[in-house]
Amino acid sequence: MRVLLIGANGYIGRFVADRLLADPAVQLTALGRGDDADVRFDLATGSPGALTRFLDAVHPGVVINCAGATRGGARELTRHNTVAVATVCEALRRSGCGARLVQIGCGSEYGPSQPGSSTAEDAVPRPGGPYGVSKLAATELVLGSGLDAVVLRVFSPVGPGTPAGSPLGRLAEAMRRAMQSGDGELKLGGLGAQRDFVDVRDVARAVHAASLSAAQGVINIGSGRAVRLRDAAGILARVAGYGGALNELDGLPHPGPVHAAHTVHATHLRATIGHPRAETDHHPAAAASPAAFPYPDGCGTWQQADVRTARDRLGWRPRINLEESLADIWMEAACRI
């Protein structure tokens with residue numbers, strides 16, 4: 001099977017490439033903007049005609065698009081997440097290769113959801129920021145293209161390679177600095193949000209399964225379980241061996257423990273887990289008001305995926321638990337000490 005992978009150097013794309021290269025039945029070609037891509041091509045500025053000629057020459061059976069921007073203003077996000085996908089869809093329509101398209105979407109396309117609920121694929125998307133809007137527009141382009149296509153809506157990917165600017169990446173870096181300086185107290189904000197974390201290696205397995213399946217439409221990829229950021233912080237402290245206090249700065253009393261010492265204090269802001277107001281992030285996030293939604297993906301305080309469709313149509317289930325994912329994040333952060 002000839003597979004064209006777009007965005008092989010991105011956070012998700014690197015693990016998708018590793019997964020495909022481990023399959024002896026796959027002949028992989030990587031297309032991207034970097035020098036190490038097999039073919040250099042910028043989807044945001046390249047023409048559909050040029051991409052069509054390449055598709056006709058390579059004749060892939062599957063095209064997987066992991067490319068896109070997770071930060072920047074609305075114009076940049078639209079160019080890299082929406083216009084780029086329009087180029088892919090138009091090139092595939094013109095090409096005679098008849099390739100199947102696997103598009104990587106994002107849970108941010110759904111926007112805020114009711115606490116305690118699981119979001120299924122038939123939920124009406126109401127993205128809460130420009131990142132989610134740009135990804136939703138891409139999904140609509142794929143679904144309306146008439147192609148043999150599936151969109152995997154990935155919720156909150158974690159694990160090795162987690163970007164340092166992501167909420168969990170910031171948490172690991174803050175803990176590394178505290179341990180390096182011998183600080184017995186770490187003050188953190190933005191721990192109240194609950195997110196559905198899924199290991200990036202499990203995401204790669206889902207992409208592989210989708211490329212081999214006949215499933216079309218939208219399929220959620222997540223763990224099916226929302227986890228509070230404060231609980232993730234407690235797990236990270238345990239795997240890191242950090243014995244200091246994690247003092248929460250959300251300004252609201254919480255009954256649950258967030259650190260090894262099992263005490264919670266409210267104080268003035270020193271560090272937040274979410275991004276500054278001007279930033280956005282993937283595995284996925286659009287900038288939102290830090291006071292209202294410290295986790296910056298425009299999804300409010302709660303997000304949890306209904307993953308039954310992935311199980312039924314792809315035969316996929318997540319395998320890697322959050323503790324293992326966080327241990328891998330910490331291993332990379334610790335190497336910077």
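**Exercise 1. Strand β2 and its partner.** Determine how many residues of β2 are buried, and how β2 is joined to β1.

*Solution.* Begin with the cover: β2 is mostly covered, since 5 of its 6 residues are buried, where buried means under 20% relative accessible area, exposed over 50%, and partly exposed in between, with a 1.4 Å probe and protein chains only. The strand itself is a DSSP run of E of at least two residues, just as a helix is a run of H or I of at least four residues, and both are numbered from the N terminus. Next, take the pairing, which requires that DSSP finds at least two bridges between two strands: β1 and β2 run parallel and are joined by 5 bridges, with Val3 standing opposite Leu28 in β2.

The model is predicted, so local features need pLDDT of at least 70 and side-chain atom pairs count only at pLDDT 80 or more, whereas totals for chains, interfaces and linings use all residues. Residues are numbered from 1 along each chain as its sequence is written, and side-chain values use heavy atoms, with hydrogens and water left out.

**Exercise 2. The sheet around β1.** Work out the strand order of the open sheet of 7 strands, and identify its edge strands.

*Solution.* The order is β3-β2-β1-β4-β5-β6-β10, with parallel pairing. At the edges lie β3 (39-40) and β10 (217-221), each of which pairs on one side only. Within this order, β1 (residues 2-6) pairs with β4 (residues 62-65) in the parallel sense over 4 bridges, and Ile6 has Asn65 of β4 opposite.

**Exercise 3. Helices on this sheet.** Establish which strands α1 and α3 touch or lie across, and at what angles they run.

*Solution.* Angles run from 0 to 180 degrees between N-to-C directions, with axes taken as lines fitted to C-alpha atoms, for helices over the stretch in contact; contact means heavy atoms within 4.5 Å. Helix α1 (residues 11-21) lies across β1, β2, β4, β5 (100-106) and β6 (149-154), and runs at about 165° to β1. Helix α3 (residues 74-94) packs on the sheet and touches β1, β4 and β5, its direction making about 165° with that of β5.

**Exercise 4. The geometry of α3.** Compare the expected span of α3 with the distance between its end C-alpha atoms, then locate its bend and its cover.

*Solution.* The expected span of a helix is 1.5 Å times one less than its number of residues, so the 21 residues of α3 should span 30 Å, which agrees with the 29 Å between its end C-alpha atoms. The helix bends by about 25° at His80, the bend being the angle between axes fitted to the seven residues ending there and the seven starting there. His80 is also one of the buried residues of α3, which include Leu77, Ala84, Val88 and Leu92. Their cover includes β1, α2 (48-58), β4, β5 and α4 (130-143).

**Exercise 5. The sheet of 3 strands.** Describe the order and pairing of this sheet, and state which helices lie across its strands.

*Solution.* This open sheet has the order β7-β9-β11, with mixed pairing, and its edge strands are β7 (156-158) and β11 (226-228), each pairing on one side only. From one strand to the next, the twist averages 55°. Strands β9 (residues 194-199) and β11 run antiparallel and are joined by 3 bridges, with Ala226 in β11 as the bridge partner of Asp196. Helix α6 (residues 200-212) lies across β7 and β9, at about 65° to β9, while α9 (residues 322-334) lies across β7, β9 and β11, at about 60° to β7.

**Exercise 6. Arg205.** Decide whether Arg205 is buried or exposed, and list its contacts.

*Solution.* Arg205, which lies in helix α6, is buried because its relative accessible area is 11%. Leaving aside neighbours within four places in sequence, Arg205 is in contact with Arg19, Trp316, Arg317, Pro318 and Arg319.

**Exercise 7. Helix α5.** Check the span of α5, and find what covers its buried residues.

*Solution.* At 1.5 Å a residue, the 15 residues of α5 (residues 167-181) should span 21 Å, and the end C-alpha atoms are indeed 21 Å apart. Its buried residues include Leu168, Leu171, Glu173, Met175 and Arg176, and what covers the buried residues includes β7, β8 (185-188), β9, α7 (229-240), β12 (245-248) and α9. Just after α5, Gly182 takes a positive phi of about 75°.
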